[in-house]
Amino acid sequence: MPGPDEPTVIVGIGEFYAGRNPMSSIGLGSCIGLVIYDKDKPLGALAHIMLPDSQGRSERPAKYADTAVKFLVKELNMLGCRSSSLAAKICGGASMFQAFSGNLNIGERNVEAIRFHLKELNIPIIAEDVGGIVGRTIVYNPAENGKVSIKTADGTKKII
Amino acid sequence: MEFSPEQLDALKEFTNIGAAHAATTLSQMLQCNIGMSVPEVNIVDVAQVGTILGEEITTMVLFQLLGDIPEGGFLVLHFSDGAAIRTANIMCGMSGTDRPLGEMDQSALLEVGNIMISSFLGATSDLLGIMMLPSPPFLAIDIAHAIIESLIAQRGLDVDDVIVLQVRLASDDSTISGNILIFLDEPTLRRISQILESLLSPPPIP
């Protein structure tokens, strides 16, 4: 079990972490912080997903919704988690600049893609904090049973 | 994504000329001297975008690049901590920095950004002989990383490296400071550096 002094792993765009340490993604805009955690063990994973579809690319699997879901599940399986005890939380997917032309609604499409791929693998979504127009910073600590703390730019803090 | 030293120099020169004009217009608007740093061209892995700007809440005025290079990228005017409200105060003839940005402040900042970035693109368009125009400005007050990340994702392009052209601006007493950040896609960067290289290279001997 990690103590409170265990370093927090910062997960940048397209990166992931799976394990026991606290993990965080700073400043999620249209990107998604996908947390998949074990309901029975203090183990979990975080991916910082940028785009909905990998279009067949295999490098940086945590960057795309379709590859990230499968990849995190595989990583957690390797750490000894059973797929049937896994659950997910989704944060992010804001739509920050509706004013610009060529607005592709990436945030919304990311959320939809992740929901679809989680369903495919029968992983329930326990909670989500998605959409809106502001960015979020999230912290997930596997020692705290899947609790994800969220901080937004307007100073709101919440836990899902 | 690789650029030769000559291409990088050309991109620095592009930033230098644009930023010098932008800094001059800001000096005139605020009636104080605004200095600028040597432009930097950084190629950053997309996972490391947090090293450009991080978790701090910032005020930015954002523009899409339009004109001959439609949707080629974004220009960002970033105000350092406290600089946004001080700039708005000078523009609106107000005082006090201990308040959130109101409607008047925001509209003043949009206008400052608009004039600066128009001046940047005006000067660089003249130089390159292509027309580059800013979109209407958009004001974002949010976590810096969230803004930058969304700009990159908004392009819908699957890039692993992000090129950022950056120049810092500061008034002599440092009360007003910030950055101009430019995110252009690779074809646009290549096109700009190519035009500049041919302008800067000596004509062939007949």
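This is a guided tour of a predicted model, going from the sheet of chain A to the helices of chain B and then to some single residues.

**The sheet of chain A**

Begin by selecting the strands of chain A that make up the open sheet, where five strands follow one another in the order 2-5-4-6-7 and the pairing is mixed. At the edges you will find strand 2 (16-19) and strand 7 (125-130) of chain A, each of which pairs on one side only. Looking across this sheet, neighbouring strands are turned against each other by 10° on average, with direction ignored.

Next, restrict the selection to strand 4 (residues 32-38) and strand 6 (residues 86-92) of chain A, which pair in the antiparallel sense over seven bridges. To follow one of these pairings at residue level, pick A:Asp38 and look for its bridge partner in strand 6 of chain A, which is A:Leu86.

Now add helix 2 (residues 106-120) of chain A, which packs on the sheet and touches strand 4, strand 5 (44-49), strand 6 and strand 7 of chain A. If you compare directions, that of helix 2 of chain A makes about 20° with that of strand 4 of chain A.

**Two loop residues of chain A**

Two residues in the loops of chain A deserve a look at their backbone. Select A:Gln55 in the loop between strand 5 and helix 1 (65-78) of chain A, where phi is near 50°, a positive value in a residue other than glycine; with a relative accessibility of 70%, A:Gln55 counts as exposed.

Then move to A:Asn122, which is found in the loop between helix 2 and strand 7 of chain A. A:Asn122 is not a glycine either, yet has a positive phi of about 60°, and its relative accessible area of 67% makes this residue exposed.

**The helix pair of chain B**

Turn to chain B and select helix 1 (residues 5-30) together with helix 3 (residues 103-128), whose axes come within 8 Å and cross at roughly 140°. The crossing of helix 1 and helix 3 of chain B is right-handed. To display the contact, show the side chains on both helices: helix 1 of chain B contributes residues including B:Phe14, B:Ile17, B:Gly18, B:His21 and B:Met29, while those from helix 3 of chain B include B:Val112, B:Met116, B:Ser119, B:Phe120 and B:Leu128. Colouring the contact residues by character would give 13 nonpolar, six polar and no charged.

From there, select B:Gly93 in the loop between helix 2 (83-92) and helix 3 of chain B, a residue that is exposed, with a relative accessible area of 66%. A distance drawn from the C-alpha atom of B:Gly93 to that of B:Glu2, 91 residues apart along the chain, spans 47 Å.

**The cysteines**

Finish with the cysteines, bearing in mind that a search of the whole structure finds zero disulfides over all chains. Why does A:Cys81 not form a bond with A:Cys91? The sulfur of A:Cys81 has its closest cysteine sulfur in A:Cys91, and these atoms are too far apart for a bond because 19 Å lies between them, whereas a disulfide needs the pair of sulfur atoms within 2.5 Å. A:Cys81 counts as buried, at 4% relative accessibility. In chain B, select B:Cys32, which is in no disulfide and has its nearest cysteine sulfur, that of B:Cys92, 15 Å away; B:Cys32 is partly exposed, with a relative accessible area of 26%.

Definitions and conventions. Residues numbered from 1 in each chain as written. Chains lettered and ligands numbered in written order. Predicted model: local features only at pLDDT ≥ 70, side-chain atom pairs only at ≥ 80, totals over all residues. Heavy atoms only, no water. Pairing = 2+ DSSP bridges. Helix = DSSP H or I, 4+ residues; strand = E, 2+ residues; numbered from the N terminus. Axes fitted to C-alpha atoms, helices over the stretch in contact; angles between N-to-C directions. Contact = heavy atoms within 4.5 Å. Left-handed = near helix turned anticlockwise from the far one by under 90°. Nonpolar A, V, L, I, M, F, W, Y, C, P; charged D, E, K, R; others polar. Buried < 20%, exposed > 50% of the residue type's maximum accessible area, 1.4 Å probe, protein only.
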